[in-house]
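Work through the exercises below with the sequence and the model side by side, and try each task before reading its solution.

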Amino acid sequence: MSVGQVRIRVPEKAKPGEVVTVRVLVTHPMETLAFKDGKPVMKQYNFIHRVEATYNGKKVFEAEMTQAVSQNPLIAFPVKVNEPGTVKVIFHETTGKTYTGEAQIKF
Amino acid sequence: MEPMHDTSRRRILKLLGAASAVAGAISFGAMLPSGAARAQAPGMPLEDEKVADTMKRLFGGRAVQDAGDRIKVDAPLIAENGAVVPIKVDAELPMAPDKYVKNIYIIADKNRRPLNAKFALTPEAGKASIATNIRLASTSDVRVIAEMSDGTLYGVTREVKVTVGGCGG
């Protein structure tokens, strides 16, 4: 598994107005800070600090995460769907990189 | 090795170094916080914090009401591995455009930095329900706090026993 691989699971079909749960998983080490003699060893550590989700371009969900979220973070969040469309989830890493995943919701 | 080859290699390395330094400066600038919410660029080591200070930083002394049955937290009673503790939050709170659950915070009291994650929702979400996996350093109370759009705070606390801590260090 390579770092930054985003997998999204949505229900196969949804009804208009239904609240669907989007489950998204990203392969990421979510580095924690290593300590030696009570002092941090690394200057900067690499984890996903922000997640954004849009549905048809409209922002529906945002999360701020810390290094206290597990490796290969899994997040589930609700989206109310009124029309078919695309869920897009963007993960922002502390190094400035972003990882994106998309999934279609059909009626 | 020809001297010519050596100089060109050196020049290329120099160029590369300069380019990456510029790129680094740009990305660092982009990462800098826009508001006062974050005192440091993300990813930089932060000071250890007591949970009372975290609560003060996040909510500024606002009282947290007991949510009772309105927030359901699905977390294990005993987590064998503190590195992956699944947690599911279902809040039966209004999600109307004028009053909705704006943020859901997950706070583990005994972690080095108690704030685990903050989830921001919109009325388009339809219901306030999120799930994720968190790390717990040791057996600790886990607080789930829902912040309404009008500023009201509802919270519940669950104790999770941890056999092996999951925060490294």
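**Exercise 1.** Determine how many residues of chain B are in contact with chain A, and which elements of chain B supply them.

*Solution.* Begin with the count: 34 residues of chain B are in contact with 34 residues of chain A, two residues being in contact if their C-beta atoms, placed from the backbone, lie within 7 Å. This is a predicted model, in which local features need pLDDT of at least 70 and side-chain atom pairs count only at pLDDT 80 or more, while totals for chains, interfaces and linings use all residues. Residues are numbered from 1 along each chain as its sequence is written, and chains are lettered from A and ligands numbered from 1 in the order in which they are written.

Next, assign the elements: helix H1 (3-31), strand S6 (115-121) and strand S7 (128-134) of chain B each supply at least two residues of the side that touches chain A, and S6(B) gives the most, with seven residues. Helices (H or I, at least four residues) and strands (E, at least two) are DSSP runs, numbered from the N terminus.

**Exercise 2.** Find which strands pair with S6(B) and S7(B).

*Solution.* Strands pair if DSSP finds at least two bridges between them. Strand S6 (residues 58-65) of chain A and S6(B) pair in the antiparallel sense over five bridges, and Phe119(B) is the bridge partner of Ala63(A).

Then turn to S7(B), which pairs in the antiparallel sense with strand S7 (residues 74-81) of chain A over two bridges, Ala131(B) standing opposite Ala76(A). Within chain B, seven bridges join S7(B) to strand S4 (residues 85-91), again antiparallel, with Ile134(B) as the bridge partner of Val85(B).
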